[in-house]
Amino acid sequence: MISTPAAQPTDPTASSAAPAPRSYEVRTFGCQMNVHDSERITGLLEAAGYVPAAGGEPDLVVFNTCAVRENADNKLYGNLGQLVPAKKRNKDLQIAVGGCLAQKDQDTILEKAPWVDVVFGTHNIGSLPTLLERSRHNAEAQLEILDALEVFPSTLPTKRDSAYSGWVSISVGCNNTCTFCIVPSLRGKERDRRPGDVLAEVQALVDDGAVEVTLLGQNVNSYGVEFGDRGAFAKLLRACGQIEGLERVRFTSPHPAAFTDDVIDAMAETPNVMPQLHMPLQSGSNRVLRQMRRSYRSRRFLEILDTVRERIPQAAITTDIIVGFPGETEQDFQGTLDVVAASRFSSAYTFQYSIRPGTPAGEMADQVPKAVVQERFERLVALQDRIAAEENRRIVGRRVELLVTAEAGKKSGLTHRLSGRAQDQRLVHFSVPQGAEAPRPGDFVTVTVTDAAAYHLIADPREPGEYALRRSRAGDAWDRRQAESCGVPAADGPGPRPVSLGMPSLPVR
């Protein structure tokens, strides 16, 4: 069993008290896959008897790291350094580091931060409770990094961040060889889940109150290659359309080279698949795309967008773009601006290229000077901001249905507006008319858009008919979760699992 410090009795006549559960905090850096992995980590910890930290210093801090972004290692070691005083105050405090940076740096983390107790990788998340217990028992740091997936993450316990929406992994890893990307070496080759397992998890989410799911993978539209069905992703989308109570289906991210018309048809013909597509461009220059090993060209990219908009006229399309890839010339960058202007993205995630050790691009000559990259980046952002604002203004006056979210806008305290996501994933801040019933997160409201900015819309209903509320199962699920978090007894269920020390395992070569 997990060893825990004894709580101080509040009654001086009491001879003993129940052991206090250890508290935890998970800090997540990086992409949606990392966010979903952190849901697995919290599920594992709570199954092992840990409880979320509620103020004060936790007994365990877990860092789930990213290795893709610039200065990811500096960010991690800076955060680890901030915990040194807490570690000195509380010798029972444990610190664990997992995720992509842990998979990449391995024993370097313990060399740079010897106060860390556990280092685990992307392939053995399920080992974390055992590694923590072993570290306490042996009074020494534990490092376990596997070279191959130990167990598919979706078989692990999960604590979902949201009662109304959830991630569902359909695959892990990636078979592409983009020269700027370190993900394949950290996540491994693509592994696909069987469709029945994916649909069973979606159904379980819906049974628990969720009304929205996002299918998640490094390259979702290559799903099925491992088990020999290249049409599997389109079939999966259509199958999600048959799940009663599932109102919104999304997915991220596809690869343009593998994006086929059967997926577009499935999107257009399945009512609960949302009119939203994230299609990573990376560069509008064919020469740079070749250097990136992106096996499509700008013309093909634009043809996909044209087909999507022909079949789904109100689709909102977002993208990823890298500025300043090695050897990028002004002419190359102009190609990117041209494709952005033609694509009319509703938003774009724009990144300045930075060297990632271990990637082919990091060894390329002609690295673009930082000042040049910055200037180009600012031009790209200005263009995309203008396009996004123009596209959003076209929506003013339109009726939209929103899934109300728990997140509030930065100015919600002043404006008293709530927030929701339209079917095309646009963010809408809306007000509730005086006297009207307020929605819960997970409920749906239908409102008329009254104003627009580059990256959000405003809906301030002026007439009674401009606001309509539809209470949902997801709102009920939100109420249940709030009641449980306030200490209201929940239905009986299994208690925490005992955690053994486990047998040390050798890396799989």
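A cavity is a set of grid points where a 1.4 Å probe fits but cannot get out, and its lining residues have an atom within 4 Å of a point. The exercises below use a predicted model.

**Exercise 1. The second largest cavity**

Task: State which residues line the second largest cavity, and how they divide by class.

Solution.
- Step 1. Count the cavities. The structure holds three of 30 Å³ or more.
- Step 2. Take the second largest cavity. Its volume is about 50 Å³.
- Step 3. Read off the lining. Arg-160, Ser-162, Ala-163, Ser-165 and Gly-166 contribute, and so do Leu-205, Asp-208, Ala-210 and Arg-481.
- Step 4. Sort the lining by class. The result is three nonpolar, three polar and three charged residues.

**Exercise 2. The three-stranded sheet**

Task: Find which strands stand at the edges of the sheet E7-E10-E11.

Solution.
- Step 1. Set out the order. Three strands form an open sheet, E7-E10-E11, and the pairing is parallel.
- Step 2. Look for strands with a single partner. These are E7 (165-169) and E11 (248-252), so one side of each has no neighbour in the sheet.
- Step 3. Add the twist. From one strand to the next it averages 25°.
- Step 4. Check one pair. E7 and E10 (residues 212-216) run parallel and share five bridges. Ser-165 faces Glu-212 of E10. Ser-165 also belongs to the lining of the second largest cavity.
- Step 5. Place the helix. H1 (residues 32-47) lies across E7, E10 and E11, at about 100° to E7.

**Exercise 3. The seven-stranded sheet**

Task: Give the strand order of the seven-stranded sheet and name its edge strands.

Solution.
- Step 1. Write the order of this open sheet: E19-E20-E17-E16-E15-E18-E21. The pairing is mixed.
- Step 2. Pick the edges. E19 (451-452) and E21 (467-470) each pair on one side only.
- Step 3. Take one pair from the sheet. E15 (residues 399-404) and E18 (residues 444-448) are antiparallel and joined over five bridges.
- Step 4. Match residues across that pair. Val-400 stands opposite Val-447 in E18.

**Exercise 4. Helix H13 and its partners**

Task: Decide how H13 is oriented to H14 and to H12, and describe each contact.

Solution.
- Step 1. Start with H13 (residues 330-343) and H14 (residues 370-393). Their axes come within 10 Å and cross at roughly 10°.
- Step 2. Apply the cut-off: angles under 35 degrees count as roughly parallel. H13 and H14 are therefore roughly parallel.
- Step 3. List the contact. H13 supplies Glu-330, Phe-333, Leu-337, Val-340 and Ala-341. H14 supplies Arg-376, Arg-379, Leu-380, Leu-383, Gln-384 and Ile-387. The classes are seven nonpolar, one polar and three charged.
- Step 4. Turn to H12 (residues 298-311). The axes of H12 and H13 come within 11 Å, crossing at roughly 10°. H12 is therefore roughly parallel to H13.
- Step 5. List this contact too. Ser-298, Phe-301, Leu-302, Leu-305 and Arg-309 of H12 meet Val-339, Ala-342 and Ser-343 of H13. Here the split is five nonpolar, two polar and one charged.

**Exercise 5. Helices H9 and H10**

Task: Classify the packing of H9 and H10.

Solution.
- Step 1. Take the geometry. H9 (residues 232-240) and H10 (residues 261-269) pack at about 5°, with axes 8 Å apart.
- Step 2. Classify the pair. H9 and H10 are therefore roughly parallel.
- Step 3. Name the residues. Phe-233, Ala-234, Leu-237 and Arg-238 of H9 meet Asp-262, Val-263, Asp-265, Ala-266, Met-267 and Glu-269 of H10.
- Step 4. Sort them. Six are nonpolar, none polar and four charged.

**Exercise 6. Backbone exceptions**

Task: Locate a cis peptide bond and a positive phi in a residue that is not a glycine.

Solution.
- Step 1. Recall the background. Most residues other than glycine have a negative phi, and most peptide bonds are trans.
- Step 2. Find the cis bond. It joins Thr-252 and Ser-253, with omega about -5°. Ser-253 sits in the loop between E11 and H10.
- Step 3. Find the positive phi. Arg-344 has a phi of about 55°. Arg-344 lies in the loop between H13 and E14 (347-352).

Notes: Residues are numbered from 1 along each chain as its sequence is written. This is a predicted model: local features need pLDDT of at least 70, side-chain atom pairs count only at pLDDT 80 or more; totals for chains, interfaces and linings use all residues. Side-chain values use heavy atoms; hydrogens and water are left out. Axes are lines fitted to C-alpha atoms, for helices over the stretch in contact, and angles run from 0 to 180 degrees between N-to-C directions. Helices (H or I, at least four residues) and strands (E, at least two) are DSSP runs, numbered from the N terminus. Angles under 35 degrees count as roughly parallel, over 145 as roughly antiparallel, 65 to 115 as roughly perpendicular and the rest as oblique. Contact means heavy atoms within 4.5 Å. Ala, Val, Leu, Ile, Met, Phe, Trp, Tyr, Cys and Pro count as nonpolar, Asp, Glu, Lys and Arg as charged, and the others, Gly among them, as polar. On a 1 Å grid over the protein atoms alone, a cavity is a set of points where a 1.4 Å probe fits but cannot get out, and a pocket is an open set with protein on both sides within 12 Å along at least five of seven lines; lining residues have an atom within 4 Å of a point. Grid points are joined across faces, edges and corners, and a volume is the space filled by probe spheres set on the points. Two strands pair if DSSP finds at least two bridges between them.
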